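Work through the exercises below with the structure open. Each task is followed by a worked solution.

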Amino acid sequence: MIQKVVLHQATLEETLPAFVGAATQILRDGAVGFGEMAAEHFSFHEGHPYISASPDRDLFRLLADLAARYDVPIDLHMEALASDIAFADLPDCSAADKVHQFANPDVFSENITAFERLLRHNRMARIVWAHAGWDNTGHRTAALTRRLLQDHPNLYIQLRPLPLRSGGRCNPITDVSGNIVGDWLDLMSSFPDRIVVGLDSFYSKFRPDQTDEEFAQLLDRALGAGRRFMASLRQSSPALAHKVGYLNAVRIYRLNQPMVCHRPGTPAERTMRVDGSALNSHLAHGDTRGPCG
Ligand SMILES: [Zn+2]
Ligand SMILES: [Zn+2]
């Protein structure tokens, strides 16, 4: 819906009611947050879309308001652009194929300023910036991340551990041996409650030509990278590893506090969070999952 408005395939006015309806339905279906939403997504192969929408535009701000109202986070996919970069000037560490531009534009536009406006728009909206350590512009440094975490109390960071490989990458969170890079470890120590791990492995077959075996291999690689990262973090600090690898996700995504519509259709009706162990008794007296209608 955001992309349709960006591409002028739909007006904001006609999209608004459907957007709010879809967001609440997603929560009734059991989602613990909204995402991944894409504000800046590069195209890396044929048929892999380039997606760009300023992170503070109308529907992102509305989504932040909905996230705040329902106390759920937004996962945001956004390549970091501290300044404009021409496609031709992407650094060698970027995963973008230098031979094929695919669907990418000639110039990628700066987006950190608009991202900060989104963060300021509603401080009650928790926003999880996905895929730190998988940077394709060279701008997503630990220093930029630290500055944004300091300035924006509602910002959270998802680290993406990558499988070991020979090629370079920009601002990695682990070195070629799998050890955590000092800057990122310092960042986790400074903000131990605001960083989580996300593997970013596709749940369904992304490419139609991909076999089940190839899919299983990719999943294994992602899981292996996650386990290696957690083992390395545990060596540095078991307490920090417990937060980054487990507790923070439970807290940010309210994993042990499912949302129900309590006593729907009665004067007592209200949207509330319940303790995970009490969910069944609420469902038994007629509550439904997610927010009330
Ligand atoms: Zn993503
Ligand atoms: Zn109830």
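**Exercise 1. Backbone outliers**

Glu36 lies in strand β1, which covers residues 34-41. The model is predicted.

Task: Find which peptide bond next to Gly35 is cis, and state its omega.

Solution. Step one: go to Gly35 and Glu36, which are joined by a cis peptide bond. Step two: read omega, which is about -5°. Step three: set this against the general rule. Most peptide bonds are trans, and most residues other than glycine have a negative phi.

Task: State the phi of Phe102 and say where in the chain Phe102 lies.

Solution. Phi of Phe102 is near 50°. That is a positive value in a residue other than glycine. Phe102 sits in the loop that runs between β4 (85-86) and β5 (107-108).

**Exercise 2. The six-stranded sheet**

Task: Give the strand order of the six-stranded sheet and the kind of pairing.

Solution. Step one: the order is β2-β1-β3-β6-β7-β8. Step two: the sheet is open and its pairing is mixed. Step three: β2 (51-52) and β8 (195-197) stand at the edges with a single partner strand each, so one side of each has no neighbour in the sheet.

Task: Describe how β3 is joined to β6.

Solution. Strand β3 (residues 74-78) and strand β6 (residues 127-132) run parallel. Three bridges join them. For Ile74, the bridge partner in β6 is Ile127.

**Exercise 3. The three-stranded sheet**

Task: Give the strand order of the three-stranded sheet, then name the edge strands.

Solution. Step one: the order is β10-β9-β11, in an open sheet with antiparallel pairing. Step two: β10 (270-273) and β11 (288-289) are the edge strands, each pairing on one side only. Step three: strand β9 (residues 259-262) runs antiparallel to β11, and two bridges join them. Cys261 has Thr288 as its bridge partner in β11.

**Exercise 4. Two helix pairs**

Task: Describe the packing of α2 against α3, from geometry to residue classes.

Solution. Step one: the axes of helix α2 (residues 12-28) and helix α3 (residues 58-70) come within 11 Å and cross at roughly 30°. Step two: α2 passes α3 in a right-handed crossing. Step three: α2 contributes Leu12, Phe19, Val20, Ala23 and Leu27 to the contact. From α3 come Asp58, Leu59, Leu62, Leu63, Leu66 and Tyr70. Step four: by class, the contact has ten nonpolar residues, no polar and one charged.

Task: Treat α5 and α6 in the same way; is their crossing left-handed or right-handed?

Solution. Step one: helix α5 (residues 142-151) and helix α6 (residues 182-190) pack at an angle of about 15°, with axes 9 Å apart. Step two: α5 is therefore roughly parallel to α6, since angles under 35 degrees count as roughly parallel. Step three: the crossing is left-handed. Step four: Ala142, Thr145 and Arg146 of α5 meet Asp183, Trp184, Leu187 and Ser190 of α6. The classes here are three nonpolar, two polar and two charged.

**Exercise 5. Domains**

Task: State the bounds of the two domains and how far apart their C-alpha centres lie.

Solution. Step one: the domain assignment gives domain 1 (30-255) and domain 2 (258-293). Step two: their C-alpha centres lie 33 Å apart. Step three: four residues of domain 1 are in contact with four residues of domain 2. Step four: on the domain 1 side, the touching residues divide into one nonpolar, one polar and two charged.

Conventions. Residues numbered from 1 in each chain as written. Chains lettered and ligands numbered in written order. Predicted model: local features only at pLDDT ≥ 70, side-chain atom pairs only at ≥ 80, totals over all residues. Axes fitted to C-alpha atoms, helices over the stretch in contact; angles between N-to-C directions. Helix = DSSP H or I, 4+ residues; strand = E, 2+ residues; numbered from the N terminus. Parallel < 35°, antiparallel > 145°, perpendicular 65-115°, else oblique. Left-handed = near helix turned anticlockwise from the far one by under 90°. Contact = placed C-beta atoms within 7 Å. Nonpolar A, V, L, I, M, F, W, Y, C, P; charged D, E, K, R; others polar. Domains from an automatic or database assignment. Pairing = 2+ DSSP bridges.
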